[in-house]
Amino acid sequence: METKAKYVPGLEGVIAAETSISFLDVEKEQIIIQGYDLIELSKRKDYAEIVHLLLEGELPTAAEKAKLEEILKDYYDVPSNVMDVLRLLPEQTHPMDGMRTGLSVLAGFDEAIEDRTLPANKKRAYQLLGQLPTITVNSHRIINGQESVYPLQDLSYSANFLYMITGEKPSELEVEIFDRLLLLYSEHEMPNSTFAARVIASTNSDIYGALTGAIASLKGNLHGGANEAVMYMLNEVKTVSEFEELLLKKLQKKEKIMGFGHRVYMKKMDPRALITKEALRQLCEKDGDYLLLEMCEAGEKVMEKEKGLYPNLDYYAAPVYWKLGIPIPLYTPIFFSARTAGLAAHVIEQHENNRLFRPRVNYTGARHV
């Protein structure tokens with residue numbers, strides 16, 4: 001007799017995979033990445049070092065880090081055909097859809113696409129990390145009728161990414177803060193997009209297909225799209241009191257407030273949000289305009305009092321992006337570009353020790369036979 005499995009909505013609390021890549025230790029308020037605490041790493045390491053940690057399993061030496069930066073620069077070039085395809089997209093196309101399209105087109109240029117070996121997958125991971133910032137930025141620029149922009153070889157990875165977005169060479173503080181955001185978004189255990197990537201990879205699909213599925217997952221405002229929603233909400237008002245009133249009205253209407261709550265951090269503030277809150281403070285000190293910080297802090301108090309909810313990473317990341325001069329439609333594509341390191345690590349791990357995901361259902365429909 002078949003045993004009926006317990007149904008768990010949203011798979012909450014269900015263990016779906018074994019991994020050595022990352023773990024969220026909520027009780028200790030730690031995000032463990034290959035044995036290290038990501039929050040502590042964010043205080044002394046940069047994004048390139050986390051990329052090496054995720055893909056190679058250890059923090060790089062100075063020489064290894066320099067080599068990694070050169071490898072990424074070697075992969076900056078994107079086939080012109082990819083840009084040609086992006087130019088065919090309608091004006092209303094969201095950059096996430098542009099990025100998804102560009103990533104799919106890249107697959108056609110991989111002559112060894114059926115090779116799932118570890119060296120081949122690692123090479124693809126570094127190649128995608130080099131190419132995706134160019135695709136990310138230009139999907140937005142082309143859709144908006146702007147000229148394409150390309151990387152500069154004399155800038156670091158993060159500085160170059162920010163330069164392509166704004167068209168201006170960023171300051172040291174801006175690079176430091178943008179790099180920290182990439183680092184904080186780099187990996188986060190098993191959110192929906194990572195699960196989607198692993199499910200696709202478990203069919204022995206290639207890394208392009210797995211990451212394309214992850215983009216589709218991340219686009220939703222219950223996942224990556226929340227950072228955009230936060231900034232649009234902040235821009236609805238002009239004062240702290242108006243923002244407080246806006247939140248209270250939304251709560252009265254039982255509307256979901258983006259940027260608050262998390263399926264894992266339910267009783268505490270997302271530790272990554274504390275880092276981005278401080279980054280916002282630094283940018284406010286730089287330009288002397290504290291309004292966004294004051295609005296966010298007021299909103300934080302309202303949500304804690306009214307709903308017992310705390311900020312997640314997206315809540316403070318959104319105004320940080322805004323202060324850096326980044327267009328709102330690029331917030332989620334940047335999230336995905338940063339997360340490519342973690343996603344690639346998960347796809348590689350899945351391919352190295354694979355079992356096809358094939359869950360069952362509890363049937364609730366009629367039965368006439």
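This report covers the overall fold, one helix pair and two loop residues of a predicted model.

## Overall fold

The protein holds 16 helices and three strands. Its radius of gyration is 21 Å, close to the 21 Å that the globule rule gives for 369 residues, so the protein is as compact as a globular protein of that length. Along the principal axes, the C-alpha atoms fill a box of roughly 65 × 55 × 45 Å.

Of the 369 residues, 53% are buried. Contacts also reach across the sequence. Take those between residues at least 6 apart: 74% of them join residues at least 24 apart.

## Helices H8 and H15

Two packed helices are described by the angle between their axes and the distance between the axes. H8 spans residues 172-185, and H15 spans residues 313-323. Their axes come within 11 Å and cross at roughly 155°. That makes H8 roughly antiparallel to H15, because angles over 145 degrees count as such. The crossing of H8 past H15 is left-handed.

On the H8 side, the contact is made by Ile177, Phe178, Leu181, Leu184 and Tyr185. They meet Leu313, Asp314, Ala317, Val320 and Tyr321 of H15. Nine of the contact residues are nonpolar, one is charged and none is polar. The charged one is Asp314, in H15.

## Glutamate 189 after H8

Most residues other than glycine have a negative phi. Glutamate 189 has a positive one, near 65°. This residue lies in the loop between H8 and helix H9, the latter covering 192-201. The loop thus involves H8, the helix that also crosses H15.

Is glutamate 189 buried, partly exposed or exposed? Its relative accessibility is 22%, so glutamate 189 counts as partly exposed. The cut-off for buried is under 20%.

## Lysine 254 between H12 and H13

Lysine 254 also has a positive phi, about 60°, although it is not a glycine. Its place is the loop between helix H12 (240-252) and helix H13 (271-287).

With a relative accessibility of 77%, lysine 254 counts as exposed, because that class starts over 50%. Glutamate 189, by contrast, counts as partly exposed.

## Summary

The model has 16 helices and three strands, with 53% of residues buried. H8 and H15 are roughly antiparallel and cross in a left-handed sense. Positive phi values occur at glutamate 189 and at lysine 254, and each residue sits in a loop between two helices.

How values were computed. Residues numbered from 1 in each chain as written. Predicted model: local features only at pLDDT ≥ 70, side-chain atom pairs only at ≥ 80, totals over all residues. Heavy atoms only, no water. Axes fitted to C-alpha atoms, helices over the stretch in contact; angles between N-to-C directions. Helix = DSSP H or I, 4+ residues; strand = E, 2+ residues; numbered from the N terminus. Parallel < 35°, antiparallel > 145°, perpendicular 65-115°, else oblique. Left-handed = near helix turned anticlockwise from the far one by under 90°. Contact = heavy atoms within 4.5 Å. Buried < 20%, exposed > 50% of the residue type's maximum accessible area, 1.4 Å probe, protein only. Rg over C-alpha atoms; globule rule 2.2 N^0.38 Å.
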